[in-house]
Amino acid sequence: MAIAEQQTSPQATHGAGERSWHDIVLQTLKRNEISLVPYVPDRVLTPLIRNLHADPFFTTFATAREEEAVGIVSGAWMGGRRGAVLMQTSGFATLANVLASLAVPYQIPLIMFVSERGTLGEFNYGQSLVCRTMRPVLDSLALEHHTITRLDELEFITDRSIKQAVTTQAPVALILSPLLTEGKVFDK
């Protein structure tokens, strides 16, 4: 395991009875009967992805592109199954067309978990540019979105956002801030 993956933070290190951000997301998905979780691999989301793969409740698999994952979750919804998509900020940048032409007009309660890159010390200029476009794109499509920065708000925001998406049959983006996840850590 790389040194970067071994490093921990106050958010990632837990005392007795404290849960990690990825445990909270997994349990909230389960409680809301979201069992299908396609994703595009991402280092920040790796702990969540590993736990989803380990839990037999979930059908979890990697896709080549974010649009593919959205199409799979959309088809599953039409077939009566709930799903969520995991991606990072740069992957979200590829979704404007599929959101505007599929998820929004066909009222798919697409749950998107986006690990936020491009902020708080980001080294990759491309990630920074994409990060600046994400929220304006969500706003222009009139999509509900929340940036989650604190562990104590994660469960409430995630649970209520999923319930609202299903009830209103509208997509929602849950942006997981580096303040929550510690983001991507790089060795020098």
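In this short talk I will go through one histidine, the nonpolar cores and one helix of this structure.

Please keep in mind that this is a predicted model, in which local features need pLDDT of at least 70 and side-chain atom pairs count only at pLDDT 80 or more, while totals for chains, interfaces and linings use all residues. Residues are numbered from 1 along each chain as its sequence is written, and side-chain values use heavy atoms, with hydrogens and water left out.

Let me start with His22, which sits in helix α2, residues 21-31 (helices are DSSP runs of H or I with at least four residues, strands runs of E with at least two, numbered from the N terminus). His22 is buried, at a relative accessible area of 16%, where buried means under 20% with a 1.4 Å probe and protein chains only. Leaving aside neighbours within four places in sequence, His22 is in contact with Pro47, Leu48 and Asn51, contact meaning heavy atoms within 4.5 Å.

Turning to the largest nonpolar core (buried Ala, Val, Leu, Ile, Met, Phe, Trp, Tyr and Cys residues joined through side-chain atoms within 4.5 Å), Leu29, Leu86, Ile111 and Phe113 touch the most other members among its 27 residues. The elements that give two or more residues to this core include α2, β1 (34-39), α3 (46-54) and α8 (151-168). Apart from this core lies another, of 20 residues, with Ala69 and Val85 among them.

Finally, the buried residues of α8 include Leu154, Ile157, Ser161 and Ala165, and just after α8, Gln169 takes a positive phi of about 50°.

Key. Buried < 20%, exposed > 50% of the residue type's maximum accessible area, 1.4 Å probe, protein only.
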